[in-house]
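Colleague: I would like to learn how to read a model such as this one, going from a single residue out to the sheet and the helices. Could we take it feature by feature?

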Amino acid sequence: MKTTRKQYIREQKTICGDSYAEVDFCWITEREHRAGPRGKKQFASSLAQQKRNRERSARLLVQLLNTNFDQRGFALTLTYEDMWLPDDDEAAWKDVYNYLKRVRRWLTRKNWQDAAPIKWVCVTENQEADPANGLKEVRYHHHMVLQVDGLTAEHRAALRDALEDLWCTGRSREPLGTVNADRLQPEHDSLEGLAKYMLKYPRRRKSWHASRGLKRPTYPRPNDTHWTPRKLADACTLRVDDADYWERRYPGYRFLGAVPSYNEERAEWRLYIKLRRKRR
């Protein structure tokens with residue numbers, strides 16, 4: 001007599017800092033269901049990596065930004081004048097390294113007692129012209145998210161001015177190019193938009209750098225018994241845009257959106273939803 005394979009749908013939360021969360025719903029095997037805490041944690045941390053490279057990179061960046069940055073941070077775009085345009089990736093990164101050194105020295109001179117170390121993520125981007133493939137030249141530039149915790153509103157305003165002034169050469173202090181420093185607005189989903197913007201041209205060359213000690217998302221114990229294949233299919237087709245439904249299921253959070261996908265070969269639905277904690 002043929003035995004029926006048990007079916008499990010895992011509900012796995014990913015907590016990114018105090019304000020943002022994602023919830024994955026996916027099929028798992030009985031072996032994955034019976035795994036110990038370590039195995040379940042490894043499974044949770046791999047969820048954002050199980051899609052195509054571009055989607056995976058964007059989702060991991062959204063999680064990283066939401067875990068470490070909030071409305072006290074800044075989004076910067078740093079460009080170059082012709083005479084200061086770097087020749088290669090190494091020279092471009094050296095400019096960023098020197099820029100961050102100047103910002104740290106500036107903070108040291110201010111001697112703000114409650115100021116935490118700088119935390120940042122930077123993506124350097126460029127593209128050489130390739131007319132045969134329809135690619136235009138894209139000059140070197142940098143996208144950066146930067147934050148210093150422990151500052152007052154007045155201190156953050158001064159830091160914002162400094163961030164725009166310190167993108168310069170060494171002693172001569174000549175501007176390397178332009179800098180736009182905009183305040184982050186996580187309540188308006190600016191971090192997700194920023195992550196997608198930083199990765200929106202997948203064919204361009206990009207190199208990543210980030211400060212040490214950035215926090216990672218946390219993964220609460222999953223639930224493997226609440227959802228069934230039928231309930232997941234209904235959620236992916238009938239409830240995918242139903243904010244009231246999801247906000248009742250996750251009280252205290254505002255529903256941002258849902259991303260369903262269907263594997264035709266295996267006839268399996270997957271889904272992840274995005275949530276932001278409501279202001280009290």
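**Reading the model step by step**

Modeller: Let us start with one residue: leaving aside neighbours within four places in sequence, Asp149 is in contact with Arg72, Asp114, Ala115, Ala116 and Lys119. Please keep in mind throughout that this is a predicted model.

Colleague: Where is Asp149 found, and which side chains does a polar contact join to that of Asp149?

Modeller: Asp149 lies in the loop that runs between strand 5 (138–147) and helix 5 (153–165). The side chain of Asp149 has a polar contact of 3.1 Å with that of Lys119, and another of 2.6 Å with the side chain of Gln147.

Colleague: Does Asp149 count as buried or exposed?

Modeller: The general idea is that a residue counts as buried when its relative accessible area is under 20%. Asp149 has 19% relative accessibility and therefore counts as buried. Met144, which has its place in strand 5, is also buried, with a relative accessible area of 1%. For the chain as a whole, buried residues make up 42% of the 280 residues.

Colleague: What does Met144 touch, once residues up to four places away in sequence are not counted?

Modeller: Its partners include Phe74, Leu78, Val96, Tyr99, Leu100, Trp120 and Cys122. To compare sequence with space, take Met144 and Leu194, which are 50 residues apart in sequence while their C-alpha atoms are 9.7 Å apart. Among contacts in the chain between residues at least 6 apart in sequence, 68% join residues at least 24 apart.

Colleague: How should I read a sheet, and in what order do the five strands of the open sheet come?

Modeller: In general, strands of a sheet pair through backbone hydrogen bonds, and the pairing may be parallel or antiparallel. Here five strands form an open sheet in the order 8-1-2-10-9, with antiparallel pairing. Strand 8 (223–227) and strand 9 (253–263) stand at the edges with a single partner strand each, so one side of each has no neighbour in the sheet. From one strand to the next, the twist averages 30°.

Colleague: How many bridges join strand 9 to strand 10, and where does the hairpin of these strands take a positive phi?

Modeller: Strand 9 and strand 10 (residues 268–277) run antiparallel and are joined by 10 bridges, and one pair to look up is Ser261 with its bridge partner Arg270 in strand 10. The hairpin has four residues between the strands, and Ala267 takes a positive phi near 55°. Helix 7 (residues 229–237) packs on the sheet, where it touches strand 1 (8–16), strand 2 (20–28), strand 8, strand 9 and strand 10, and its direction makes about 60° with that of strand 10.

Colleague: Finally, how do helix 4 and helix 5 cross, and which residues meet there?

Modeller: The axes of helix 4 (residues 89–110) and helix 5 come within 10 Å and cross at roughly 145°, and the crossing is right-handed. Tyr99, Val103, Trp106 and Leu107 in helix 4 meet Ala158, Leu159, Ala162 and Leu163 in helix 5. Sorted by class, this contact has eight nonpolar, no polar and no charged residues. Tyr99, which takes part in this helix contact, is also among the residues that Met144 touches.

Definitions and conventions
Residues are numbered from 1 along each chain as its sequence is written. This is a predicted model: local features need pLDDT of at least 70, side-chain atom pairs count only at pLDDT 80 or more; totals for chains, interfaces and linings use all residues. Side-chain values use heavy atoms; hydrogens and water are left out. Helices (H or I, at least four residues) and strands (E, at least two) are DSSP runs, numbered from the N terminus. Buried means under 20% relative accessible area, exposed over 50%, partly exposed in between (1.4 Å probe, protein chains only). A polar contact is a pair of N or O atoms within 3.5 Å; within protein, one must be able to donate a hydrogen and the other to accept it, and residues adjacent in sequence count only if both atoms are side-chain atoms. Contact means heavy atoms within 4.5 Å. Two strands pair if DSSP finds at least two bridges between them. Axes are lines fitted to C-alpha atoms, for helices over the stretch in contact, and angles run from 0 to 180 degrees between N-to-C directions. A crossing is left-handed if the near helix is turned anticlockwise from the far one by less than a right angle, and right-handed if clockwise. Ala, Val, Leu, Ile, Met, Phe, Trp, Tyr, Cys and Pro count as nonpolar, Asp, Glu, Lys and Arg as charged, and the others, Gly among them, as polar.
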